[in-house]
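Reader: I've got a structure to go through and I'd like to talk about charge pairs and internal space. Can you take my questions one by one?

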Amino acid sequence: MSTQKLSRAAAPLSLAAVTARGPEFLSDITNRVRHLTLSKGDPTEALMSHDSAVDSPHLFNTLIPNEGSPVTNQKASGRCWLFAATNVLRVPIMNHFNVESFELSQKYLYYFDKLEGANYILEQIIDTSDRDIDDRLVQRLLLDPTEDGGQWDMFYNLVEKYGVVPQSLYPDTWSAQNARLMRIMLATKIREFALILRALAKTGDADAVSAKKNEQMVQIQDILTTLLGAPPRADAEFVWQFTDKDKKLREHRSTPLAFAKQFTGEGSECDMQSLTSIVHDPRNEPNTRLTIDRLGNVVGGRSATYINVDMRTLKAACVDMIKAGKPIFFGCDFGKFRHRDRGIMDLAVFDYEAGFGTTLLEQSKADRLRSGESLMTHAMILTGVHLDAQTGRPVRWKVQNSHGTERGDKGYLVMTDAWADEFMYQAVVDAKFLADDVKAASTKEPVVLPLWDPLGSLA
């Protein structure tokens, strides 16, 4: 393809054409009806397809036996990935202890993600100190250094290093549920510290850089402890008291690390070594390993890595997981074609063509990624699927969200299979449900995507 620059002068809008277009457009009775209907309130309510609600009921013929309870609520924070991941992990814990409801402490992992994430960013700043401050990578590192979002491999890193604890032992504080001020404070300090470290790095004194960064990290941790409280020590024994389904008061003693190992170690029901992150990125070849440059949270931990597959492979693995009674962490572009109150994710949920004479589905999935139109924005879990009685193929999926119980079916959403094809990007599945050629990709040299690639978005 030629890279020669097109010879063309930029064209301004014609004032005469702009002035004439409004009255001309509204002279058509269809356009006047559209204007009168859609200008008086939320256009999506007028465009809501009743057929979509009828065709996408909250009914499913294949469910995991224990979906986990209660439906959780991340409140005004971007912790969806931690809620989704801990909601996957809580199921075997609930089964083991025979409890009706249970939550792991999302704040425990949140505290350490913020702490480790700050250290990770500052280390990247030091490593890129030879680059100009206006370098695209440096600017991307500084753009939002305290994002609440994350990826499955980041969850793995935190659990591996710090373990997990029941929520009752380290419950949410206001700032965990309303993270804006904390994020602003941390971002401000990290950007301040970044410029100090860059200047110090230019002196060539590595010891001075390390000492300054350690001093800065104390300030970061003190802010976190002020707003979130001091977390339990990863290696210190805790005592968890609870009532089981038989109304019997019980007690369990463990440490955060031992508790995590019991339920995520090799051979466990949630063996995290076997859980594999697969994605559908049609820009890249199937059965390739993908990773994102400098995307992580724990220095020395896993980087965000995926195996790229086609959607049929991704969905087949999800069906097998559900049939085996296992919930699935997945990532998607949550804002697209979704009715918030009804909890419907369906390409036909809003009839944009009727309202505007055009559709919002002209681009392919690959082109939406290329143009910045779509990326992963939210993580949830799959707990069920409705399979066609004749073909056995999925028709719709049951989704457990972390936005409380007010929307959808008491906090559960329905996602049509067609919606999943277009806006579902990631699923974390047991490797035993993947074909050998897919598993073999995990040993391949990865394709390294830049930090600003949409696949590196933090759900």
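Reader: Is R370 buried, partly exposed or exposed?
Author: Bear in mind that this is a predicted model. The cut-off for exposed is over 50% relative accessible area. R370 comes out at 54% relative accessibility, so the label is exposed.

Reader: Which residue forms a salt bridge with R370?
Author: Start with the helix: R370 sits in helix 15 (residues 365-371), and D367 is three residues away, about one helical turn. The closest N and O atoms of the two are 2.7 Å apart. That falls within the 4 Å limit, so the pair counts as a salt bridge. The partner of R370 is D367.

Reader: And what is the relative accessible area of D367?
Author: Partly exposed covers the range between 20% and 50%. D367 belongs to that class, because its relative accessible area is 32%.

Reader: Which residues are joined into one network by salt bridges that share partners?
Author: Side chains of opposite charge can pair when their charged atoms come close. Here some of the salt bridges share partners, and that links their residues into one network. The members are K114, D144, D148 and R183.

Reader: How many salt bridges does the structure hold?
Author: The D367 and R370 pair is one of them. For the structure, the count is 29.

Reader: Which helix holds both K212 and E215?
Author: Their side chains meet in a salt bridge, with 3.1 Å from N to O. The two residues are three apart, about one turn of the helix. That helix, residues 206-228, is helix 11.

Reader: Are K212 and E215 buried or partly exposed?
Author: Buried would need under 20% relative accessible area. K212 has 25% relative accessibility, and E215 has 43%. So K212 is partly exposed, and E215 likewise counts as partly exposed.

Reader: How many residues apart in sequence are the parts that D417 and K315 tie together?
Author: D417 forms a salt bridge with K315, and the closest N and O atoms are 2.8 Å apart. D417 lies in helix 16 (residues 417-423), while K315 lies in helix 13 (residues 311-323), so the pair ties together parts whose separation in sequence is 102 residues.

Reader: Is that pair, D417 and K315, buried or exposed?
Author: The test is relative accessible area, with under 20% on one side and over 50% on the other. D417 and K315 get one and the same label: buried.

Reader: Switching to empty space, what volume does the largest cavity have?
Author: Rolling a probe the size of a water molecule over the atoms shows where empty space is left. A search of the whole structure with a floor of 30 Å³ finds two cavities. The largest has a volume of about 320 Å³.

Reader: Which helix gives the most to the lining of the largest cavity?
Author: The lining has 23 residues, and those closest to the centre are I121, D144, P145, G296 and L458. At least two residues each come from helix 6 (106-127), helix 7 (136-143) and helix 10 (180-201). With six residues, the most comes from helix 6.

Reader: How many nonpolar residues are in the lining of the second largest cavity?
Author: This cavity has a volume of about 140 Å³. Its lining counts 15 residues, with V88, E269, C270, K326 and P327 nearest the centre. Four lining residues are charged and one is polar, and the nonpolar ones number 10.

Terms used. Residues are numbered from 1 along each chain as its sequence is written. This is a predicted model: local features need pLDDT of at least 70, side-chain atom pairs count only at pLDDT 80 or more; totals for chains, interfaces and linings use all residues. Side-chain values use heavy atoms; hydrogens and water are left out. Helices (H or I, at least four residues) and strands (E, at least two) are DSSP runs, numbered from the N terminus. Buried means under 20% relative accessible area, exposed over 50%, partly exposed in between (1.4 Å probe, protein chains only). On a 1 Å grid over the protein atoms alone, a cavity is a set of points where a 1.4 Å probe fits but cannot get out, and a pocket is an open set with protein on both sides within 12 Å along at least five of seven lines; lining residues have an atom within 4 Å of a point. Grid points are joined across faces, edges and corners, and a volume is the space filled by probe spheres set on the points. Ala, Val, Leu, Ile, Met, Phe, Trp, Tyr, Cys and Pro count as nonpolar, Asp, Glu, Lys and Arg as charged, and the others, Gly among them, as polar.
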